[in-house]
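Got your viewer open? Let's take a walk through this one, a few selections at a time.

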Amino acid sequence: MSTPAATLNQHAAHTPPIATVPPVTIYENEAMQDAQSFLELFYARERLHPDQVYLRQPEGDTWHTFSWREVGRQARQVLAALRAMGLVPGDHVGILSKNCAQWIIADLAILMGGFVSVPFYPTLPKDELHEVIRLSNIKALFIGKLEHWAQQQDGVPDTVHCIRFPHYPGNAKVQRGLAWEDILSNQAPAEQVYLPQADDLFTIIYTSGTTGTPKGVMLNYDCANQVMHYERAHPRYGIYQGVGERLISYLPLNHIAERVVSEISSIVAGSEVSFSESLDRFAANLQSVQPTQFFAVPRIWVKIQQGILTKLPQRKLDTLLRIPLVRNVIKTKIRKGLGLNQVRSAISGAAPIAPSVLEWFARLDITIQEVYGATELCGGVTYNDINDTRPGTVGKPLPGTHIKIDPQTDEVLVKAPWVMTGYYNDPEKTAEVFQGDYYRTGDTGRFDHEGNLMITGRIKDTFKTTKGKFILPVPIEQTLGSNSAIEHVVVVGSGLDQPLALVRLSEAASLGDREALVHMLATTLEETNTTLAPYSRLSHLVLFTSGWEEDCGLFTPTLKVKRHAVDERFRQHYADWARSQDPLIWA
């Protein structure tokens with residue numbers, strides 16, 4: 001892995017090879033074995049099983065299906081439209097949309113033309129959208145399934161060519177740009193498509209970040225190829241099982257984890273991908289799909305847990321699970337009700353998840369496997385194997401990766417064949433995050449005695465009290481998170497004598513008996529403090545029953561907490577809260 005600064009301002013200068021792909025006349029396993037990229041695998045799949053369903057788009061109780069052949073045909077029509085706009089190989093093309101079938105088709109069209117895919121978060125406000133469009137130098141933009149296009153549209157310069165997806169009911173009406181339907185009606189499919197080289201730039205992904213500073217992570221085709229090749233040689237994810245996986249795509253597709261799971265891995269494995277229609281319809285869509293693979297960030301897993309406990313309180317659930325003749329019936333009923341009864345691979349990533357949550361789901365026979373990685377690492381570098389899950393760890397390094405811990409700072413350093421080539425047009429920031437051939441993750445961690453990696457926090461999240469002691473928030477937050485009444489927790493306290501915790505209570509806890517809840521939380525605070533050094537013990541729990549929804553500004557699009565945003569909103573209250581005589585404060 002190399003990151004020559006001189007090449008960071010301009011990606012591969014050579015013209016990508018364009019070819020008319022010949023018909024496949026070999027057995028599927030040979031076609032899969034010979035393919036050098038996931039894009040070549042797509043070319044093979046659309047000819048090997050053209051009529052097999054690839055994408056499923058819901059509309060109420062109806063599912064519209066797209067076969068591999070249909071996806072390929074539409075992608076080639078859209079590619080022809082991009083070429084008619086004057087785009088040439090190497091040009092950057094953006095996507096601004098919530099997840100839908102056209103998102104995947106548009107991305108394939110971009111890649112088939114030798115263009116560079118630059119997906120954006122669909123919830124970006126106008127000014128942030130304008131910034132990433134400026135930074136990324138896109139020539140064209142796909143505008144799709146959006147809720148707030150009226151507030152976003154001024155962020156898109158008039159110089160950018162636009163193509164709009166079909167309108168989805170319940171979403172904003174987009175009038176700008178060439179209509180998708182007109183392309184499918186009038187444009188002949190392109191015959192020549194891109195055959196990627198390993199060092200060609202595949203995508204630029206602007207990280208959501210928790211600091212508000214967007215950085216364009218450059219990933220070339222070799223990043224995705226190497227993940228694919230190592231998995232084929234040393235299976236860990238299980239995507240070569242050939243068992244007809246079913247996925248539901250609902251987290252932002254421009255996030256690397258969702259992109260790898262729902263697009264790249266689905267092509268590699270030949271999976272069927274269904275989309276969620278809306279937040280209100282997510283539960284119904286999930287039940288209908290009954291996925292065999294399901295990826296969620298920790299906050300989603302906690303919300304699923306809280307949803308169950310709202311209907312079936314923990315005490316009653318515990319009682320039922322202790323009855324031999326009832327426990328299996330209850331577990332199956334819960335899994336079916338969730339839509340997770342056929343899940344073979346349940347994955348959590350993008351942020352730390354409390355071991356107590358993993359153990360809670362394991363009691364329902366849902367084994368959640370943690371993956372650890374970053375956008376800069378093209379997804380994951382460690383994984384908890386389904387036969388060797390260790391709550392509290394993120395598993396062992398994947399084949400091909402080398403991980404070490406900085407002896408001075410405890411920072412996790414990673415070397416892998418799929419590390420980014422750098423940040424687009426930013427050699428200085430690129431240099432900052434590399435220590436030789438190792439990527440500096442910014443996470444702190446250590447290995448247990450069996451070689452499993454344990455993430456203990458973020459270097460930038462550590463803060464100092466007035467006693468001059470550094471506080472690591474994550475381990476404390478995970479301990480508090482074992483209480484099912486707590487939906488979310490953030491430990492704060494820079495400049496205070498002792499840290500305190502801001503706690504968002506679950507819906508079930510908020511509606512339950514207040515006296516019992518106060519007693520339980522006081523016990524949790526006391527028990528948590530007994531595990532901590534005196535300087536890191538919590539002085540108070542500040543309790544919230546509202547104001548921490550996903551769109552409140554305190555979370556990234558992947559539902560990681562923005563600690564700086566929490567501090568900005570609540571810092572003015574810290575000193576008063578710290579002086580309270582009652583260790584439990586209702587905010």
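Which residue in E16 does Ser348 stand opposite? Select Ser348 and look across: its partner there is Glu370. Keep in mind as you go that this is a predicted model.

Now widen the selection to the two strands. Pick residues 345–348 for strand E15 and residues 368–374 for strand E16; the pair runs parallel and is joined by three bridges. Add the neighbours and you get an open sheet of five strands, ordered E14-E15-E16-E17-E18, with mixed pairing. To find the edges, select 293–296 (strand E14) and 396–397 (strand E18), each of which pairs on one side only.

Next, two loops that lead to this sheet. Start with the loop between helix H10 (282–289) and E14, where you'll find Gln290. Check its backbone: phi of Gln290 is near 45°, so to speak on the positive side, in a residue other than glycine. Most residues other than glycine have a negative phi. Is Gln290 buried or exposed? Gln290 has a relative accessible area of 13%, so it counts as buried, the cut-off being under 20%.

Then jump to the loop between helix H14 (355–362) and E16 and select Asp365. Asp365 is not a glycine either, yet its phi is positive, at about 65°. Its setting is partly exposed, because the relative accessible area of Asp365 is 47%, and that value falls between the 20% and 50% cut-offs.

Leave the sheet and select residues 101–112, which make up helix H4; Gln102 is in there. With 6% relative accessibility, Gln102 is buried. What does Gln102 touch, leaving aside residues up to four places away in sequence? Show Phe66, Phe165, Pro166, Tyr168 and Trp180 as sticks, and you have the set.

Finally, zoom out to the whole protein. You're looking at 19 helices and 30 strands, with a C-alpha trace that spans about 75 × 60 × 50 Å along its principal axes. The radius of gyration is 24 Å, which agrees with the value near 25 Å for a compact globule of 587 residues. Colour by burial and 54% of the residues count as buried. Among contacts with a separation of 6 or more, 67% are between residues 24 or more positions apart.

Switch on the surface: the accessible area is about 24800 Å², and carbon and sulfur atoms account for 50% of it. For a last colouring, try charge: there are 55 positive and 63 negative side chains, with the centres of the two sets 4 Å apart.

Terms used
Residues are numbered from 1 along each chain as its sequence is written. This is a predicted model: local features need pLDDT of at least 70, side-chain atom pairs count only at pLDDT 80 or more; totals for chains, interfaces and linings use all residues. Side-chain values use heavy atoms; hydrogens and water are left out. Two strands pair if DSSP finds at least two bridges between them. Helices (H or I, at least four residues) and strands (E, at least two) are DSSP runs, numbered from the N terminus. Buried means under 20% relative accessible area, exposed over 50%, partly exposed in between (1.4 Å probe, protein chains only). Contact means heavy atoms within 4.5 Å. The radius of gyration is taken over C-alpha atoms; the globule rule is 2.2 Å times the number of residues to the power 0.38. Accessible areas come from the Shrake-Rupley method with a 1.4 Å probe; for residues, only the protein chains shown count as cover. Lys and Arg count as positive and Asp and Glu as negative; His and the chain ends are not counted. The place of a charge is taken as NZ of Lys, CZ of Arg, CG of Asp or CD of Glu.
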